[in-house]
Amino acid sequence: MYCVRKVTEDLYWVGGTDRRLELFENIFPIPGGVSYNSYLLLDEKTVLFDTVDDSIGRQFLENIEAVLDGRALDYLVINHMEPDHCSLIDDLLLRYPGLQIIGNAKTFPMIDQFYNIDLEGKKNVIKEGDTFSCGKHTLHFVMAPMVHWPEAMMTYDAADKILFSADAFGTFGAMSGTIFNDEVNFDRDWLDDARRYYTNIVGKYGAQVQNVLKKASALDIRYICPLHGPIWRNHLEYIIDKYDTWSKYEPEVRGVMIACASMYGNTENAANVLAAKLADAGITHMIVHDISRTHVSQLIADSFKYSHLVLAAPTYNGGIYPIMANFLDDMKALNIQNRTVAVLGNGSWAPMSSKLMEAKVSEMKNMTLLTENFAVKSSLKNEQMHALDELAKTLVGSLKGEN
């Protein structure tokens, strides 16, 4: 049975939700599931904006048929060629043989790479600034390369002032009937997933996001229709401001994330003692992660969120504890920058992890190191408490802008 909702008088949400998928892109845990959004416009010509993932294909096709109510599907606009948004192209062509496809010069080679579809006479290649009239609605096309694939684009409907934003402004999480931002408590229930989605999938491409935000600022936008998560129909400045902050690599919160790896609990104990000292000094915006148990996507999200990071890990085979080494590699790959970092190492006979972690942090952009080879040997002892007090004092001073 079809399941659709109206977005405007003649635009329908025809997507769906997958609550069974455990790993998005087979990497990122999504305990709350994920939505796949697609939108169908009923004008003089009918226009579908993107398709969905195979996992909800039956629901999607029933939705399309119900909204069309006997009409043909005339056009499919492909804003993004990632398979979770284009898996139903061939099914649509079978059901609607007159269907024309609108995409840019990089869209159609990707269709050929993924699928064996004969598109002879069906390609409508557009470029930046082109327009397309389907009746009372005029569509404008905005290229958004590397947000987060090279062929990505956005479509702007000048009549209803809607931005179909592809993967931008999306989030993990299944929708439960409520598909609009003003039907949910976004800050409470969605922001963490939106941040984790952006930072891990788009985070590397801050400069490209900034370019698209500049393009979007010239448009009168009243709706943002992303391919995942809620549709924005008011308070658009909230999510746009988040994207501006994230893409500039500016922290949202002046606080501390302590990322700790510990083999037998001794490094974790030192991290917990440090956290308690920070709390005694009035630092409350703080979170401690055991990185052996916390998925790296959450660590990346909180690295974007907090202004200060403490990295605590033991030495392992003369190097950095592997999970911490992997996290540091991900930080660099995702372009994390403009953070203040303290390092807390450990080692029983040759404590090298502090020096090696500091070296990796130094390879990142605009990172400020507060420590130099700070390490415990095996376990924290009374004679090192003064040094830990000094580290806490330095962190507090930095957080309060005193040094």
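Met263 counts as partly exposed, because its relative accessibility is 34%, and partly exposed residues fall between the 20% and 50% cut-offs. In this predicted model, Met263 sits in the loop between β17 (253-260) and α8. Met263 turns up again in a nonpolar surface patch and among the residues closest to the centre of the largest pocket, so let's use that residue as our way in.

**The overall picture**

- The protein has 403 residues, and 57% of them count as buried.
- Its secondary structure comes to 12 helices and 23 strands.
- Along the principal axes, the C-alpha atoms fill a box of roughly 80 × 40 × 35 Å.

**Around Met263: a patch and a pocket**

- Met263 joins Tyr264 and Tyr316 in making a nonpolar surface patch of about 360 Å².
- How much space lies in the largest pocket? The answer is about 320 Å³.
- Its lining takes in 16 residues, and the closest to the centre are Met263, Pro314, Thr315, Gly347 and Ser348.
- Two elements, α8 (266-280) and β19 (306-316), each give two or more residues to that lining.
- Of the elements, β19 gives the most to the largest pocket, with three residues.
- As for chemistry, the lining of the largest pocket has 10 polar residues, six nonpolar ones and no charged ones.

**The second largest pocket**

- This one has a volume of about 190 Å³.
- It is lined by 13 residues, and Cys3, Trp13, Gly16, Thr17 and Met175 are the closest to its centre.
- Sorted by class, its lining holds six polar, five nonpolar and two charged residues.

**A closed space inside**

- Rolling a probe the size of a water molecule over the atoms is a handy way to see where empty space is left.
- The structure holds one cavity of 30 Å³ or more.
- About 40 Å³ of space lies in the largest cavity.
- Which residues line the largest cavity? They are Val147, Met154, Ala168, Phe169, Val209, Val212, Leu213 and Tyr243.
- Helix α6 (residues 206-217) gives the most to this lining, with three residues.
- By class, the cavity lining comes out as eight nonpolar residues, with no polar and no charged ones.

**Backbone spots to look at**

- As background, most residues other than glycine have a negative phi, and most peptide bonds are trans.
- Val147, which we just met in the cavity lining, is joined to His148 by a cis peptide bond, with omega near 5°.
- You'll find His148 in the loop between β13 (138-143) and β14 (153-157).
- Ala166 is not a glycine, yet it has a positive phi of about 55°.
- Look for Ala166 in the loop between β15 (162-164) and α4 (186-189).
- Is Ala166 buried or exposed? Ala166 counts as buried, because its relative accessibility is 2% and the cut-off for buried is under 20%.
- Asn373 is not a glycine either, and has a positive phi of about 55°.
- Asn373 lies in the loop between β22 (368-369) and β23 (375-376).
- With 42% relative accessibility, Asn373 counts as partly exposed.

How values were computed:
Residues are numbered from 1 along each chain as its sequence is written. This is a predicted model: local features need pLDDT of at least 70, side-chain atom pairs count only at pLDDT 80 or more; totals for chains, interfaces and linings use all residues. Side-chain values use heavy atoms; hydrogens and water are left out. On a 1 Å grid over the protein atoms alone, a cavity is a set of points where a 1.4 Å probe fits but cannot get out, and a pocket is an open set with protein on both sides within 12 Å along at least five of seven lines; lining residues have an atom within 4 Å of a point. Grid points are joined across faces, edges and corners, and a volume is the space filled by probe spheres set on the points. Helices (H or I, at least four residues) and strands (E, at least two) are DSSP runs, numbered from the N terminus. Ala, Val, Leu, Ile, Met, Phe, Trp, Tyr, Cys and Pro count as nonpolar, Asp, Glu, Lys and Arg as charged, and the others, Gly among them, as polar. Patches are made of residues with over 30% relative accessible area and no salt bridge: like charges are joined within 9 Å, nonpolar side chains (Val, Leu, Ile, Met, Phe, Trp, Tyr) within 5 Å. Accessible areas come from the Shrake-Rupley method with a 1.4 Å probe; for residues, only the protein chains shown count as cover. A salt bridge is a side-chain nitrogen of Lys or Arg within 4 Å of a carboxyl oxygen of Asp or Glu. Buried means under 20% relative accessible area, exposed over 50%, partly exposed in between (1.4 Å probe, protein chains only).
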